[in-house]
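Colleague: I should like to learn how to read a sheet, a nonpolar core and an overall chain fold. May we take them in that order?

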Amino acid sequence: MAVKSFPKIDVYTGAPEKKYALYMMMLGFAALALGTLFGPLQAFNYGGLDLYPLLKPVFQNYYQGLSLHGVLNAIVFTQLFAQAIMVYLPARELGLRPNMTLAWVSFWMALGGLLLAAVPLLLNEASVLYTFYAPLKAHWAFYVGAAIFVLSSYVSIYLVLEMWARWRKANPGKITPLATFMAVTFWLMWFLASLGLVVEALFLIAWSFGLVAGVDPLLMRTLFWYTGHPIVYFWLLPAYTLAYITLPKLAGGKLVSDPLSRLVFILFLLFSVPVGFHHQFSDPGIAPYWKMIHTVLTMFVAVPSLITAFTIAASLEVAGRANGGKGLLGWIGALPWNNPTVLAFLLGFLAFIPGGAGGMVNASFNLNQNVHNTVWIPGHFHLQVGTLVTMAAMGTAFWLIPHLTGKPLVARGMALASQWLWFIGMFIMTFALHWMGFLYAIPRRAHISGSPIAMEAYKESSAWMVLNIVSGIILLIAAILFFYVIFATALQNRRDPSQVMAEVPFTQVISKPEGSSLALLTERVWFWFGIAVVLVLLAYGPVLFQMFTNMNPVPGQRLW
Amino acid sequence: MEHQEHIIERYERAWILFGLAMITVFIILIGYMMLTMGNTNPVGAGRIDATKVRTEGDFANPRVEQVGDEYVAYVQAFAFGYLPAEMRFKVGKKVTFYITSPDVQHSFHVHNTNINVQVIPGEIAKVSFTFTQPGEYPIICNEYCGIGHANMISKLIVEP
């Protein structure tokens, strides 16, 4: 029988930021675990198999499950992971400690907001999906909780900017280290991007308390998508940062270019936000020329991802050749595929390529007409956020949880299997969804398995539907394996510092920033932030001014 | 290492140029196709009081009208269906749809065409299309509108 002794020492004495990063990340994974449970139910729905009647005492309908899936996975998990990674990496790189009081304030705000929003979600009082389009009206606790949750990220912005300012004061004239540079531009981008959601939340909260009788649905949509597109870069850039900063070293190589990596983040700062109308191509009330302007800007935001594809691939090639890979493609086999972190990134980036190509289709003003709001769209973003972003987080957890806790990774084989299965499952599912949306116009977010009318209308796609059921089963197994690995790792009693990475695996670089005119140019972060603000004012200002001065409020409805 | 760095930088530059060129071609193609290939992108045709859609104006009387050699259709997308319940057109004639909603957001997606309209209460959407093939065309709501969303499927008929 095990006798529990008093904890001898707090392992986080001397590194309290490790505890902060661990709590943020594990809260994120807990949210992801719950949200992911509803994923297979969605996949089965698009296979014509309705399991929701079995959940009836607890969950009332498909749309409640879908709301939980979207909110927990796309909004909660992603933000918490960013708050862990994009604060912890600069703290380690600069050798500075963030303001720990405020760090914990941000954690408790996030947790409090999450719990408050969870109550109406679990009671079927907020089944409005993660886009919460007005005039569908949720319980006020949903809007207030979500607002507190999002505002906790503003504390993270402050934490990083404050550390950066402290470092610059102590190191005048030096170029900001790369991970910190990425974190600073990332958080500034998010500040600019989140303003739409914050303003929308003010309207929705006033409306849900009955202070105003209605809200303008088009204005709410526009504010939502003002944040709603750049939020995908808010999800993606922590994955990119980890790919630039840690992946080359983990794979056994070096990052090829530091200055070019900085350019990528400056381009995201500039072009992430003024692109939201490409989600509103089908909307009346926004003139076509504004939509065309956003089309052009959206195309430009592909550039930093194209550069990333080059830089990451070249860095991996350097790694593969350093590991002894020969010939044109021999370096690919020489990469450490048996390292679960490296595997997760490799498979994630592989899925990201067709996902990016599909994104170009969605961003095209004309082509979007064929796929708008069909299941093509969830097919697209499950390749991007469901595969690369999530796999980067999962892969990173495999070394980061041991690094933060001193507890070695358990069940490494299961970790590897989880990533292969996740990749295969997502690939099958997204393949089916793309075709079902494009060829058969099957709508996204529709409880078709519960509707004989819908099943009759979409019967021609039944062969594709089978793939959804298969993928749902594969993904469920992958999720069980993954969550077992990380929770068994984090909750075990064994601590063995000799079995874990003591330091963050910061990469070395081939092209250094010192002496690079590009690196000097990108170092003027506030100047670029100013340009980003101007671009947003130009791309959104006139339209938003028009909408704010001509509001057409509509009363709320609860139709679920 | 110095040598390797230079090779990588050369490829880097070529790749970025390729990317920029690709995007430029895409943008030009999008613009060209929008202008020349029958634009079915919905545009706004004014605003309306959503609470009065069912009682006042053109949408209180959802209908298909023949105007000269063309059709005009006033369509209500509501939770959970479309009015008029059945629309008929002759093949080869231009149809202009005006669509709005009396309650929440919906959509008006006509399968096998490029008609795909976000229907927003308070806004009137307008889109024109000429059907060149006779047959039945499913109309599908692809915006979540509540518990009956998946049932919101209708059809229009194009007669030879």
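Modeller: Let us begin with a strand pair, bearing in mind that this model is predicted. In chain B, strand 7 (residues 106-110) and strand 8 run antiparallel and are joined by four bridges. One partnership can be named: B:Ser107 bridges to B:Gln118 in strand 8 of chain B.

Colleague: In what order do the strands of the open sheet in chain B lie?

Modeller: The order is 5-11-10-7-8, five strands with mixed pairing. Strand 5 (86-90) and strand 8 (116-119) of chain B are the edges, each pairing on one side only. From one strand to the next, the twist averages 20°.

Colleague: How should one approach the core, and which residues touch the most other members?

Modeller: In soluble globular proteins, nonpolar side chains tend to be buried together. Here the largest nonpolar core has 240 residues, and A:Phe29, B:Phe97, B:Phe108 and B:Phe131 touch the most other members. Helix 4 (residues 62-94) of chain A gives the most to this core, 21 residues. Beyond its neighbours within four places in sequence, B:Phe131 contacts, among others, B:Phe89, B:Val110, B:Ile115, B:Tyr137 and B:Leu156.

Colleague: What does the radius of gyration say about chain A?

Modeller: A compact globule of 560 residues would have a radius near 24 Å, and chain A, with 23 Å, agrees. Its C-alpha atoms fill a box of roughly 60 × 60 × 55 Å along the principal axes. Chain A contains 22 helices and four strands, and 65% of its 560 residues are buried. Among contacts in chain A with a separation of 6 or more, 85% join residues 24 or more positions apart.

Technical notes: Residues numbered from 1 in each chain as written. Chains lettered and ligands numbered in written order. Predicted model: local features only at pLDDT ≥ 70, side-chain atom pairs only at ≥ 80, totals over all residues. Heavy atoms only, no water. Pairing = 2+ DSSP bridges. Helix = DSSP H or I, 4+ residues; strand = E, 2+ residues; numbered from the N terminus. Axes fitted to C-alpha atoms, helices over the stretch in contact; angles between N-to-C directions. Core = buried A, V, L, I, M, F, W, Y, C linked by side-chain atoms within 4.5 Å. Buried < 20%, exposed > 50% of the residue type's maximum accessible area, 1.4 Å probe, protein only. Contact = heavy atoms within 4.5 Å. Rg over C-alpha atoms; globule rule 2.2 N^0.38 Å.
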